[in-house]
Amino acid sequence: MKKLMSGAQILLECLHQEGCDVIFGYPGGVLLPIYDAIYDRKDIKHILVRHEQGAAHAADGYARASGKVGVCLATSGPGATNLITGIATANMDSIPMVCITGQVRTANIGTDAFQEADSVGITLPIVKYSYLVKKTEDLPGAIAEAFYIARTGRPGPTLVDLPVDVSNTSIEWSPEDYKPSKSHPYYQPQSIGDLKQIKALAKAINDSEKPVLYVGGGIISSGAQEELTKLSELTNIYVTNTLMGKGAIDETHVNSLGMLGMHGSAYANYAVHHCDLLIGIGARFDDRVTGKVDQFAPNAFFAHIEIDPAEIGKVVRCDIPIIGDAKVILTELLKHVEPKPRLPWNDRIDEWKKEFPLWYPDDENLYAPFLVEQINRLTNYEAIMVTDVGQHQMWAGQWFKSKRARNWLSSGGLGTMGYGLPAAIGAQLAHPEKRVICFTGDGSIQMNSQEFMTAVVYKLPIIVVINNNRSLGMVRQWQELFWNSRFSHTDMQAAPDFMKLIDAYGGIGFRVTTRQEAIEALTEALKITDRPIVVEAILPTEEKVWPMVPSGQPVDQMMVRRHNLETEGDEWSFADEEKELERLLKKQKKSGK
């Protein structure tokens with residue numbers, strides 16, 4: 001039955017019907033009609049963040065952890081522009097989000113009115129869809145399109161800009177009138193791959209002697225973990241994943257090689273470098289994976305399964321392109337591949353695993369990999385790991401064992417420092433029954449530390465592990481290796497007392513300097529269930545992330561720790577490393593590996 005409803009009331013009813021039960025937002029003048037309507041809604045929980053950037057990252061984290069569309073709300077002008085980093089982060093990582101921004105009155109648009117900004121124009125390059133609603137009657141259709149486009153095809157953020165007079169105007173409308181979109185005349189993503197190409201890929205797999213599966217976030221988005229694992233087990237093909245692809249296959253599975261790329265494992269990189277068939281699925285051949293493109297997997301036949309046709313052939317050539325949804329295509333592919341016994345190729349990769357393992361020094365210092373190992377152990381691999389960006393992100397990428405999809409959240413494409421804490425808030429609200437760990441650095445946590453207040457207000461027991469090496473560690477690492485140790489402005493010794501900071505917000509803090517203290521603090525933190533906890537770990541400033549493929553270089557220029565290179569002595573130098581690597585490569589070539 002139709003009744004008189006304001007645009008704001010219609011908006012909330014549409015969100016409810018789209019399955020939205022949480023909105024992350026921050027009020028402002030042009031949002032007053034919406035916030036007044038929120039006051040009466042009991043079926044949609046509004047989370048008041050302390051900065052709009054936090055709202056966008058929290059909606060992103062909620063979406064990644066739940067598989068649903070995240071929703072954030074910000075006022076016009078600076079409120080909307082504060083969302084930009086979060087929208088760009090979601091766009092780069094293909095995360096479904098609907099962003100609603102308030103706008104000045106329609107009559108004032110274009111007049112430089114107070115807090116006016118062209119939100120649609122500003123966000124155009126970083127959203128799949130954006131719409132300025134000029135009439136209340138158009139609002140339901142705009143919301144339906146925004147959700148449909150955000151969650152289908154290659155997922156991503158959308159934006160609906162809502163002038164205050166549109167949200168404040170009442171029209172005759174019935175909730176029964178709302179029809180979620182199931183198609184769009186100008187947007188028709190392809191989900192079913194070409195059968196001829198799928199059969200061609202099956203033949204290539206059946207004929208290959210040295211295949212590798214290279215998987216990304218597309219496996220997570222499509223829910224294709226089971227199909228990928230079946231393919232890997234049936235054909236005995238090892239799987240390496242991108243940073244976004246963690247959880248695509250159980251990383252404790254014998255067929256998992258973990259992460260490849262700039263800071264991936266040496267054995268994963270060597271496997272890709274020497275393979276004869278590389279099957280990319282839901283991954284976009286990022287430059288941090290490929291390094292020097294013309295020397296990436298130089299002897300491989302390339303197949304690429306990808307729902308976004310624009311990604312195929314964008315970076316590397318593709319011999320078998322298959323456009324469509326990963327789950328649908330893998331289901332079909334499984335009908336055509338032949339079971340394979342364990343390959344001699346697998347033995348060769350296993351030898352690389354023994355020769356070039358991930359490791360960290362067994363000395364008195366506390367290291368990030370040790371912290372991650374303890375998190376794996378103490379939570380029995382059940383934690384949701386959320387990272388910020390920097391050295392700690394790569395250590396977590398290497399050492400956190402993701403056994404299932406959606407328990408690894410990290411800003412991969414944009415590399416957004418400050419993502420971790422608000423994204424952890426979103427993840428914790430999506431899964432209140434699970435423990436959420438925010439693994440961050442002393443630089444990253446200072447980007448959005450105001451969201452400690454949000455976590456305290458909503459009693460979220462997020463464990464924030466601050467890897468405090470008193471520097472911007474990753475930039476410092478590059479300065480040491482490639483810029484003659486000229487440590488320009490990466491010193492972060494001037495920092496807040498993180499124990500006092502979390503205490504001021506109402507949380508609990510532990511500072512640890514030894515391995516035993518770290519175990520005890522993490523154990524105690526896991527017992528706390530009603531507020532955020534900080535575990536500040538004091539780490540060596542000089543520690544680096546190994547292995548490392550220098551930017552723009554091929555994998556055979558990978559730098560690994562001396563310990564792995566059968567040499568003696570404690571001192572490390574880039575020059576020595578190159579000589580040692582050259583010796584090893586000659587040894588491998590001579591032995592035919």
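# Chat about a predicted model

Biologist: Hi! Let's start with Ala-297: buried or exposed?

Modeller: Ala-297 is buried, with a relative accessible area of 1%. Buried here means under 20% relative accessible area, exposed means over 50%, and partly exposed is in between, using a 1.4 Å probe and protein chains only.

Biologist: Where does Ala-297 sit, and what is its phi?

Modeller: Ala-297 is in the loop between α13 (287-290) and β13 (301-306). Its phi is positive, about 40°, although Ala-297 is not a glycine. The helices and strands are DSSP runs numbered from the N terminus: H or I of at least four residues for a helix, E of at least two for a strand.

Biologist: What should I know about the model and the numbering?

Modeller: This is a predicted model, where local features need pLDDT of at least 70 and side-chain atom pairs count only at pLDDT 80 or more, while totals for chains, interfaces and linings use all residues. Residues are numbered from 1 along each chain as its sequence is written, and side-chain values use heavy atoms, with hydrogens and water left out.

Biologist: Thanks! Now the whole chain: how many helices and strands?

Modeller: The protein chain has 23 helices and 20 strands.

Biologist: And what is the radius of gyration?

Modeller: The protein chain has 25 Å, which agrees with the value near 25 Å for a compact globule of 593 residues. That radius is taken over C-alpha atoms, and the globule rule is 2.2 Å times the number of residues to the power 0.38. Along its principal axes, the C-alpha trace spans about 80 × 60 × 45 Å.

Biologist: What share of the residues is buried?

Modeller: Buried residues make up 59% of the 593. As for contacts with a separation of 6 or more, 75% come from residues 24 or more positions apart. Contact means heavy atoms within 4.5 Å.

Biologist: Let's look at α17. How many of its residues are buried?

Modeller: Nine of its nine, so α17 is mostly covered. Among the buried residues are Met-394, Trp-395 and Trp-399.

Biologist: What does Gln-393 touch?

Modeller: Gln-393 lies in helix α17 and is buried, at 5% relative accessible area. Leaving aside neighbours within four places in sequence, Gln-393 is in contact with Leu-243, Thr-387, Asp-388, Trp-408, Ser-410 and Ser-411.

Biologist: Where is Gly-390?

Modeller: Gly-390 is in the loop between β15 (384-387) and α17 (391-399). Gly-390 is buried too, with a relative accessible area of 15%. Its C-alpha is 11 Å from that of His-263, although 127 residues separate the two in sequence.

Biologist: Switching to α11, which of its residues are buried?

Modeller: In helix α11 (residues 225-235) they are Gln-225, Glu-227, Leu-228, Thr-229, Leu-231, Ser-232 and Thr-235. The cover over them includes α9 (195-207), β9 (211-215) and α14 (326-333).

Biologist: What follows α11?

Modeller: Asn-236 does, and its phi is positive, near 60°.

Biologist: What about Asp-112: what is its phi, and is Asp-112 buried or exposed?

Modeller: Phi of Asp-112 is also positive, near 60°. Asp-112 is exposed, with a relative accessible area of 73%, and is found in the loop between β5 (97-103) and α6 (119-123).

Biologist: Which peptide bond is cis?

Modeller: The one from Trp-546 to Pro-547 is cis, with omega near -5°. Pro-547 is in the loop between β20 (533-538) and α23 (574-591).

Biologist: How many disulfides?

Modeller: Zero, where a disulfide is a pair of cysteine sulfur atoms within 2.5 Å.

Biologist: Why is there no bond at Cys-20?

Modeller: The closest cysteine sulfur, in Cys-72, is 10 Å from that of Cys-20, too far for a bond. Cys-318 is in no disulfide either, and the nearest cysteine sulfur, that of Cys-275, is 13 Å away. Cys-20 is buried at 5% relative accessible area, while Cys-318 is partly exposed at 22%.

Biologist: Last one: what does Ala-74 touch?

Modeller: Ala-74 lies in strand β4 (residues 70-74) and counts as buried, at 0% relative accessibility. Not counting residues up to four places away in sequence, its contacts include Tyr-26, Leu-31, Glu-52 and Ile-100. The C-alpha atoms of Ala-74 and Asp-93 are separated by 21 Å, with the two 19 residues apart along the chain.
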